[in-house]
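Q: I'd like to learn how to read an interface and a sheet from a model. Can you walk me through one?

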Amino acid sequence: MKKVKIMDKNGLHARPASEIVSIAKNFTGEVFLRKDGVKCNAKSIMLVMGLNLMFGDMVDVIALGDGSDEIEAAIEAAIQNIDEE
Amino acid sequence: MMFNSPKVTVTIGSPVNGVTVGLKKITDPVFSGRIIGDGIAVLPESNLICAPCDGVITQIFHTNHAFYVLSNAGLEIMVHIGLDTVELKGIGFKRLIQVGDNVIMGQPVMEVDFEYIKSQGKETVIPILITNMEKITKISAVNGKVNISDKIMSVTLK
């Protein structure tokens with residue numbers, strides 16, 4: 001499990017959420033995001049955006065299965081790859 | 001003997017008066033690349049964004065620029081109002097319903113000040129996407145001018 005801080009000033013909106021979902025969908029095991037005890041399937045963009053993660057929020061990234069460490073690291077990198085305009 | 005149960009086809013209605021735009025013409029690669037899902041966009045000519053089908057409003061992003069409807073047939077539909085409009089931090093968007101509300105096709109969900117959005121240099125085009133594509137076999141989109149609830153897509157479920 002990794003704890004990741006949302007550093008994008010716009011929060012986890014469609015663009016970063018879509019990267020997370022793409023990475024998660026390529027993983028055969030289960031992947032979740034969790035905020036304040038609410039856990040969601042990271043393969044569903046509706047549920048990921050539904051966490052309404054905002055700038056400064058902490059989110060738990062949880063992957064289960066072979067390769068889970070790599071997937072958690074990839075999702076952490078996607079979250080921290082800030083969308084600066 | 002094998003037989004196929006008839007496939008369900010859902011009609012998705014335009015959320016707004018306007019003109020359809022194919023996703024590949026959208027300047028944001030998240031939509032033109034069909035990364036989140038497939039569908040169509042509408043360039044709006046009116047200010048009320050309405051439900052594209054009967055269902056439940058399952059999520060509204062906190063800046064009100066995007067919302068999801070779970071249709072009664074099980075489709076997850078994202079309506080994303082404008083491009084990069086998350087940066088407006090909610091200004092220009094007024095929520096008319098709440099998360100968890102049941103809606104019918106054509107019911108107003110969001111009131112939008114598109115003049116303000118344009119004044120901030122943002123595009124107003126509205127992608128409407130099916131985000132649970134694994135449940136779909138086919139999407140057929142229409143082209144042209146549409147009014148609220150005119151068909152913009154037919155979606156066939158597996």
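A: Sure, starting with a term: buried area is the accessible area, with a 1.4 Å probe, that two parts lose on being put together, summed over both. Keep in mind that this is a predicted model.

Q: How much area do chain B and chain A bury between them?
A: The size of an interface is often given as the accessible area lost when the parts come together. Here chain B and chain A bury about 1,700 Å², with 58% of that on carbon and sulfur atoms. On chain B's side, Gln59(B), Phe61(B) and His62(B) supply 30% of the area buried against chain A, more than any other three residues.

Q: And how many residues of each chain are in contact?
A: Contact means heavy atoms within 4.5 Å. By that rule, 20 residues of chain B touch 19 of chain A.

Q: How many salt bridges are there between chain B and chain A?
A: Look for a side-chain nitrogen of Lys or Arg within 4 Å of a carboxyl oxygen of Asp or Glu. The count here is two. One of them joins Asp84(B) and Arg15(A), at 3.1 Å from N to O. As for the side of chain B that touches chain A, strands E5 (55-60), E6 (66-71) and E7 (76-80) of chain B each supply at least two of its residues. By class, that side has nine nonpolar, five polar and six charged residues.

Q: Which strands stand at the edges of the open sheet E4-E10-E8 in chain B?
A: The sheet has three strands with antiparallel pairing. Strands E4 (48-50) and E8 (93-95) of chain B each have a single partner strand, so they stand at the edges with one side lacking a neighbour in the sheet. The twist averages 25° from one strand to the next.

Technical notes
Residues numbered from 1 in each chain as written. Chains lettered and ligands numbered in written order. Predicted model: local features only at pLDDT ≥ 70, side-chain atom pairs only at ≥ 80, totals over all residues. Heavy atoms only, no water. Helix = DSSP H or I, 4+ residues; strand = E, 2+ residues; numbered from the N terminus. Nonpolar A, V, L, I, M, F, W, Y, C, P; charged D, E, K, R; others polar. Pairing = 2+ DSSP bridges. Axes fitted to C-alpha atoms, helices over the stretch in contact; angles between N-to-C directions.
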